[in-house]
Amino acid sequence: MAEDGYTSSATTAWEDHSTDLHNSAYGRPSFQSLDSVEENSSSAHDLSTSPKTRSSSDSAGKSSSSQPWRDNSSAAFIDRRDTLSTIHTGTPSLVEPSFDENVLRALCELDCGVPLLLDRIKQGVVSCREAAVFFKKRAMVEDEYGKTLQKLSRSTSEMYALNDGKAGSFVSAWQSSMRIHEAMAENRIRFAQRLNEMSEELGTLVKEVDKNRKQTKDLATRYERALQESEGITEKCKNRLDFTSEELERVLLQKEGESIKDTGMQNRTGGAGGKRAIGKAVAKGGLLLKGKNPGNIQRQEDDIRARLSNASDQYRKAVTETQAMRQEYFNFQLPRILRALKECADEIDLGTQYHLTRYAFLFESIVLSDGSTLVPPPEDGLGLKATIETIDNRGDFKIYMQNYAFARGSAPPRGPRREGPSDEGFLPPLPTFNEKAQARPVTPATNGSNGIQDKGRPTFGVDLAEQMLRDNVEVPAIMAKCCEAIEKHGIQSQGIYRVSGMTSKVASLRQKLEKDLEAVDLDAPEWSGDINNVASVLKMWLRELPDPLLTNSLHQGFIEAAKIENDRLRHIRLHERVNELPDPNYATLKYFLGHLHRVNQHSADNSMSMQNLAIVFGPTLFGQHASINGQGGVMADQSFQNMAIETILNHYTDIFIDESE
C-alpha cells in the first residue's frame, strides 16, 4: 500500500530479522535489524520526497516503495540541535552510557510517557523563563546603582578641585576615597553585565528547548496517527474477508442443491440466527439466485473464490504490516522519542540550575570584592577607613598657616600695626618664621607674586579672540605651554586630567601665569613633579572663558547632533557644527583635541580612554549652559555633551586633518 508508506521488502526484512526480537533491551528488536530494514528499503525510497497522504478508499491492491515515517524520523532527528545530536546513523545504541536507563525503561512501560515528558518540559521552560526575567531586572538594578555611584564619585572628585576646599592630607584621602567608590561601582557594572549575559543565555535555552519539544511532539503525533490508520485498514480488510467468506458459503450450499431453509443448513448456521445471517449476506452481496443452472453457479463460485483469495492476501499483508509498524513504534521509535524528550527536560533543568549556581557564585564574589576593596590586604594598600584615618588636621593646618603667611608676607599690612617706635608704646618685635621674606628686597611692580612682575596681560577670564588678537598667535599661549608640558612630563601619568592637583599649588600657578606667562618655567621640578597641577590650571582656563570654546550660540546645535543614534549621521552633523565655529575657536579646538588624541594613544598607561576624556572635558568645553526648556539644566545635556566630544575625538582625523596634510 503506497499510501501507508510500507513495502514488501520492509516486511521481508522484519521477517528475516525476527530472530533478533528477543536480543535487545526490554525484549525489543535490535538496532542492527532496524538498520537492515532501512538499508533494504533505501534503494526504493527517496529521503527528500515527502510521503503522499494515505486514502482508505484506494488502499487495496497498491504497493509502496517507501517507509516515510521511519525515514522522515531519521531526517528530523538529524536536524535537531543539542538534545537530539546523539541520534545518528551507523551503529546506534538505545541510550548513552551516562543516560539513566532505568528511567527510560519506566517511561517506555507507561502509556502516558510522552504527555508526561511534554508537561514536564513545559514546567521547566516556565521556571527557566522566570529566572531569566529575574536576572534581567537584577541587572538593571545593579547597572543603575553602579553607574550612579561611578558618576557621583567622578563628579565629586572633579568638583572638589573647583571649590576652595582643604588641601594637604585631606585632599589626598578624599581623592583616594572617591577612587575606592569608583572601583566598587565598576565591580557592580561588571556584575550587571554578567547578569545580562546569563539572562540572554537562558532566553536562548528556552527557545531551543521549546523548539525541540514542539518538533518531537509533532513527530510522536505523526507516528501514532500512522499506526492508527494502519489498524483501521486492517479492520476493513478483515470485514471484507468475512463478507466474501459468507458469500462463498452461500454459493456452495446452493451448488449442493440444498434450500436456504433446509434443516441441515439450520444446524450449521445455528438455527434462526444463521438464517438471518445468510439472508443478510445475500442481501448485501446483491446476489440473486435465478434457478439452479450449474454453469451459472460455477461461474459465481469461481468469481467469489478469486475475490476471497484477493481479500485474504490483502488481510494477511495488512496484518503483517500493522504488526511490523506496531513493533517498530513501541520497540524503536517510542524509546527514541522518549529519550529525546527526557534529554530536553534534563537540558532545561540543568541549564537553569547551572545559571542559578553561577548567579550565587557571582553574587558572593561581588560581595567579597566590595569587602576586599573596603578592607584590602596590607600589601594591597589602604582601605576606606584606613585612608580616612590618614588625615592629619594638625599638620594640614600648620602647612596652611605657613603658606598663608608666606603669601601675604609682602602685602600691605591690614589691621593694627605690629611694630612701631618704642616711645609710642610698641614693644620690640618678636622673631618670626618670615624674617627671610621680610629681608628680601621688594620690587614695587611685583605686587607680592614671588618676584614675578605683572606685565598687565591677563589670560584667565579674557575672551578667546581678544587675547589671541592681542598676543598675535594662532593658538592661545597658555594652552600651547600647558599642553607641551603635559605631553613632555605627564602623558603617561595615571588619570591625567581626571586626577586634580593640589588646590594651593593650582592657585599659585594660576597667579604666576596671570602675572607673566612667559616667565613661568613648567619644566621646573616644582611643576613637572606633579603635572596634575598644570592640567588643573588648563582646565580652569577653559572653564573661565567668557564664551565657552564651543560657544553658547552653537550649544544647542551640538546637543541635537549628539542625540542622533546613527553613528555615521551623528559624525556628519557634528562635523558641520565644528565647521561653523569662529576661527579662533576652531583653531584652538583643533590644537587641543589633537593634544587629547595624543594623550589617548597612551591610554594603556594613563587609563584615559576616549570616553574618559569626553567625560572630563564635555562640561568644560560646553560651559555651564542651561537647557532651553529650563528643565534639567546642565545635567540634562551632560550625557549628550560627553557623546559629542567622544564622537569628535574618535573622528578627529576626518574632521580636522586634510588629506593634503
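# A guided tour of salt bridges, cavities and a surface patch

Begin by selecting Arg 326 and Glu 231, whose side chains meet in a salt bridge with an N to O distance of 2.8 Å. Colour the helices as well, because Arg 326 lies in helix 9 (residues 294–374) and Glu 231 in helix 6, so that the pair ties together parts that are 95 residues apart in sequence. Keep in mind throughout that this is a predicted model. Switch on the surface for these two residues, and you will find that Arg 326 is partly exposed at a relative accessible area of 31%, while Glu 231 is also partly exposed, with a value of 33%.

Select next Glu 544 and Arg 510, which form a salt bridge whose closest N and O atoms are 2.8 Å apart. This pair links distant parts of the chain, since Glu 544 sits in the loop between helix 17 (532–543) and helix 18 (555–562), whereas Arg 510 belongs to helix 15 (residues 503–515), 34 residues apart. Glu 544 is partly exposed, with a relative accessible area of 28%, and Arg 510 likewise counts as partly exposed at 27%.

Move on to Arg 570 and Asp 567, where the closest N and O atoms of a salt bridge are 2.7 Å apart. Both residues lie in helix 19 (residues 567–579), and because they are three residues apart there, about one helical turn separates them. Are the two partners buried or exposed? Arg 570 is buried, with a relative accessible area of 9%, which is under the 20% limit for that class, whereas Asp 567 is exposed, with a relative accessible area of 51%.

Now display Arg 138, Glu 142, Arg 188 and Asp 370 together, which salt bridges with shared partners join into one network. A search of the whole structure finds 26 salt bridges, among them the Arg 326 and Glu 231 pair with which the tour began.

From here, turn to the empty space inside the model, where there are five cavities of 30 Å³ or more. The largest cavity holds about 110 Å³ of space, and to find it you can select its lining, which consists of Ser 153, Arg 154, Ser 157, Glu 158, Gln 175, Met 178, Arg 179, Glu 182, Arg 498 and Val 499. The elements that give two or more residues to this lining are helix 5 (113–162) and helix 6 (169–255). Colouring the lining by residue class will show two nonpolar, three polar and five charged residues.

Next, look at the second largest pocket, which has a volume of about 1100 Å³. Of the 34 residues that line this pocket, the closest to its centre are Lys 151, Arg 154, Ile 615, Gln 638 and Asn 642, so these make a practical selection to centre on. Helix 5, helix 6, helix 17, helix 22 (610–622) and helix 23 (633–650) each supply at least two residues of the lining, which divides into 14 nonpolar, twelve polar and eight charged residues. Arg 154 is worth keeping displayed, as Arg 154 lines the largest cavity and also appears in the lining of this pocket.

Finish on the surface by selecting Phe 397, Tyr 400, Met 401 and Tyr 404, which form a nonpolar patch with about 470 Å² of accessible area together. Phe 397 is found in helix 11 (residues 393–407), and Phe 397 counts as exposed because its relative accessibility of 55% is over the 50% limit.

Notes. Residues are numbered from 1 along each chain as its sequence is written. This is a predicted model: local features need pLDDT of at least 70, side-chain atom pairs count only at pLDDT 80 or more; totals for chains, interfaces and linings use all residues. Side-chain values use heavy atoms; hydrogens and water are left out. On a 1 Å grid over the protein atoms alone, a cavity is a set of points where a 1.4 Å probe fits but cannot get out, and a pocket is an open set with protein on both sides within 12 Å along at least five of seven lines; lining residues have an atom within 4 Å of a point. Grid points are joined across faces, edges and corners, and a volume is the space filled by probe spheres set on the points. Helices (H or I, at least four residues) and strands (E, at least two) are DSSP runs, numbered from the N terminus. Ala, Val, Leu, Ile, Met, Phe, Trp, Tyr, Cys and Pro count as nonpolar, Asp, Glu, Lys and Arg as charged, and the others, Gly among them, as polar. Patches are made of residues with over 30% relative accessible area and no salt bridge: like charges are joined within 9 Å, nonpolar side chains (Val, Leu, Ile, Met, Phe, Trp, Tyr) within 5 Å. Accessible areas come from the Shrake-Rupley method with a 1.4 Å probe; for residues, only the protein chains shown count as cover. A salt bridge is a side-chain nitrogen of Lys or Arg within 4 Å of a carboxyl oxygen of Asp or Glu. Buried means under 20% relative accessible area, exposed over 50%, partly exposed in between (1.4 Å probe, protein chains only).
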